[in-house]
Amino acid sequence: MKALRVLLALGIIAACVAAFLYSDGSSTSTASAGALIDLTTSESCRDCHSEVYDEWKSSYHAQSFLDPLVRAKEQSNNFRKVQCIPCHAPAPILERATGKGARVVERFTFREQGVDCLACHKFHDHVAGTQSVSGALAACRPIADERLSRAELCAPCHNQHDTVNEWEASSFHDAGVGCLDCHMPTITRTLPDGRTKQGRSHKFLGGHDLGTLQGALDLKVENLTTDSGEGLLKVSVTNSGAGHNYPADARHRALDLVVTLIQPDGVEVPARDERPPDRQRGTARRRFRNPYRQEASRLTNLETWGRENTQIPSGGTETLEVPYQPEQVVRARIEVFYKLTPYMEDLDSTLVHERVVEL
Amino acid sequence: MLALLFPSCDANSPTTPPPPPDRDALFTPWHRAEQPSPFPQGVQWHWRKRLSEPPAEDVPPDNPDAAAQLRAALPTLAGTEPLETEPLLEEWEALASQAPQTLIEFLDDPHRDVRYGCARLLFRLMTSGSPPIPNQLAAAAAKRLRDEADEVALLHLETLSHAPGPWPIPRLIKTFGRYDNHLRVVVRARAAMHLVKRGNYSGFPLFLKILKEQTSLQDDLNREWESSLRTAWWKEEALKGVVLAAGEDFGFSPDAIEPAQAASIRRIEEWWNENRQRLWEQSPAMEDPELVRRVQEIILAMGTFQLRNVDNAVFLLTQMGPPVAPWLFEALQGSNFQIRRHCLEILAALMPWATEATRREWLQELTGLLSEDDPALQVRVLNAIGASRLPEALSHLEQALLGGNPSHTEVAALQLANFSTAEARELLTKTGNRFAQDDPRWLPVTAARIRADDHGALEDFLDVLRGGGDGADRASIYLSWLVDTDDYGQARSTEERNREVERLRTEILTKQP
């Protein structure tokens, strides 16, 4: 009996040392290796992976259940629309099924943590990781699982609106550029002890990040003269950096290209087509978006926006041509707005590109 | 050595639960292995079209002469007054009966007058006593219930209502489906009335909603007309449905002053609450093979990927009422997790519509499922058991409330709050007092107590909301148990948050049980 106790004590000491060696050393681990941690919430992961935790905490995955835009009455109404819950607070995805045909299941507890660590990493009594580590060395018993790096893990939520299908049809897929390459790029983390360690970013940058939005969309402006002597501003936007449509995924998103012509006295030329007063800003405007079924009747500008999906496919270019009278116009301002909802005004949205052209 | 100490920790042989038992052997051949599935994965089903497909029937070719005459005649309806064309339609009925498929072609004519005339002709054929291809005629009408002309759509609804057999039930339900726009209120009201005639009472809440309408039923749309006349028409239509179900109008009149209307509506609601279980109990059993085939297909749609399919399927099955339960229990014997999960959700939703005896039967079957291996299904079984509101469910809920599984605690707490009995309330209070505030079970049990009108811990709960931070985030999730809407998530400053908490406090304290 005594021998067993000694053996047990030695084992625990060895496990603790090993756990320290395995952890990124950025914090004092309270999870003793061997004594397996309780995989209940993301907090379980924090002790050993504090930097990754902090990245995740700052991400919109962590805010997916609390984001005011999502909880707004006209959206999920604080998730009284229960069909929104599975993707905004998923139970561990790997435990069910992955891939384009698999649907996620909602979690019943700790929903405030949104798409938490366990949603992607928990697999029954252990976690899925990039490498296998003995349970004696890491309290969460990571086992290498290649699905973590594949689109099939993202698809159950992100293909509801065809994003994975769009990616599969893009050149990014053919070139082997996957979801992680853009949304979870490899980064180098500096640990408190000065060591550096490479890993995947857990900020999941996308539509909420200006850099990501700018990097994926090129703006080109050409000032031409037509045969009749009229000026013609040709403004093109190219989805050069997204391996899926732009804007993508959730149907709430919209991209507005606005061209405003300015007269010598500084006054903006009125819009050339009729729109409701509160939306009348630019001289010309074009929207790229996959509209809701009943959106047209809400926006009251059906003629302008239409019902068809106008998202820009990966690699695609869309052009807005704005004719003008050279003697009446001296300048043009070109703006590209990314909107989290189609009803958002320009001033509340993200200005992705802005350019002023002297004519 | 470590492997000896922690034998189950071998990284290469994780402990994974055994695969679920193969239940397909118990299930219908149709469901086995889900092949061939009528729902390609990832493809959205066009519900209206699919629900409008007619049952198989022999369709003889049109008489060529009659078809030629009809082709020449029907376009002349353009630009003519409906009253003037009535004798013509009477004359052409014989032609149409020999060339019904030609008539159906003209139902999509771009000219509104032609479509209206053809819709009237179709209705004449359908009600003639010997319609040539009744299911095809009904299906032609079913496919065009969204005709942009109101008068055409309404006429098609009447034609569909004369379809032989109960196969149009899901299509009629779809007219007031969750995702339909709200422009066709009368179409929806009349569809609900035709459902009443077929023993389906899912449209009764729609009648009540229309009768209560004082502002705008389609408040998410831009109204461009003067509302009072149109709402009066809506109410007349809804009242017809009420009279059909109840045999009386409860003194309701769209012309009455608002308090008088409200008093009548209260009486209608009381009658509905007292009688709905009895009415549903009298609904015909779902035995018609064509309807059963459709129900089984809709059940299968719950296992597909696209949420729109799933939402539509759950909605349709729920609205079919308690008669659909045997098919849900059959599907529960299958192995598709998603289908089983949604079947349990629907059964929970159907509980309030079922009589005590029926609920007791269902409860017995559900209790057997408590031993489910799948934890996510266990939760839904528990939820459905709680929704039965039967005294024998209380012991299961109490056990779940006090057990260590937080998912079970949450579901049990909510269901106990819905029980509306002193015993359930006492159980919640007793348990709530037992949990310390830092116990993860405290929040759901406290929210459930408040929902059950035990406000003993209301201030503590509101304090958590006022405090902000992670605790408040977590507490705010349970606001959906307490009020119909909230702006807590929109509050950006402490001041806004406190103001919203005060508003919530007032709403909770004044909320009618």
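## Strand β8 and its partners

In this predicted model, L257(A) of chain A stands opposite V336(A) in β11(A). The two strands involved, β8 (residues 254-262) and β11 (residues 331-339), are joined by 9 bridges and run antiparallel; strands here are DSSP runs (E, at least two residues) numbered from the N terminus, and two of them pair if DSSP finds at least two bridges between them.

Strand β8(A) is also joined by 5 bridges to strand β9 (residues 284-288) of chain A, again in an antiparallel arrangement, and in this pairing D256(A) stands opposite R287(A).

## Burial of β8

Strand β8 of chain A is mostly covered, with 9 of its 9 residues buried, where buried means under 20% relative accessible area, exposed over 50% and partly exposed in between (1.4 Å probe, protein chains only). A254(A), D256(A), V258(A), T260(A) and I262(A) point one way from the strand, while L255(A), L257(A), V259(A) and L261(A) point the other way, and all are buried.

## Cysteines

A search of the whole structure finds 0 disulfides over all chains, a disulfide being a pair of cysteine sulfur atoms within 2.5 Å. C48(A) is in no disulfide, and the nearest cysteine sulfur, that of C140(A), is 6.8 Å away; C48(A) counts as buried at 18% relative accessibility.

The sulfur of C182(A) lies 8.8 Å from the closest cysteine sulfur, in C179(A), which is too far for a bond, and C182(A) counts as partly exposed at 36% relative accessibility.

## Basis of the values

Residues are numbered from 1 along each chain as its sequence is written, and chains are lettered from A in the order in which they are written. Local features need pLDDT of at least 70 and side-chain atom pairs count only at pLDDT 80 or more, whereas totals for chains, interfaces and linings use all residues, and side-chain values use heavy atoms, with hydrogens and water left out.

Methods. Helix = DSSP H or I, 4+ residues; strand = E, 2+ residues; numbered from the N terminus.
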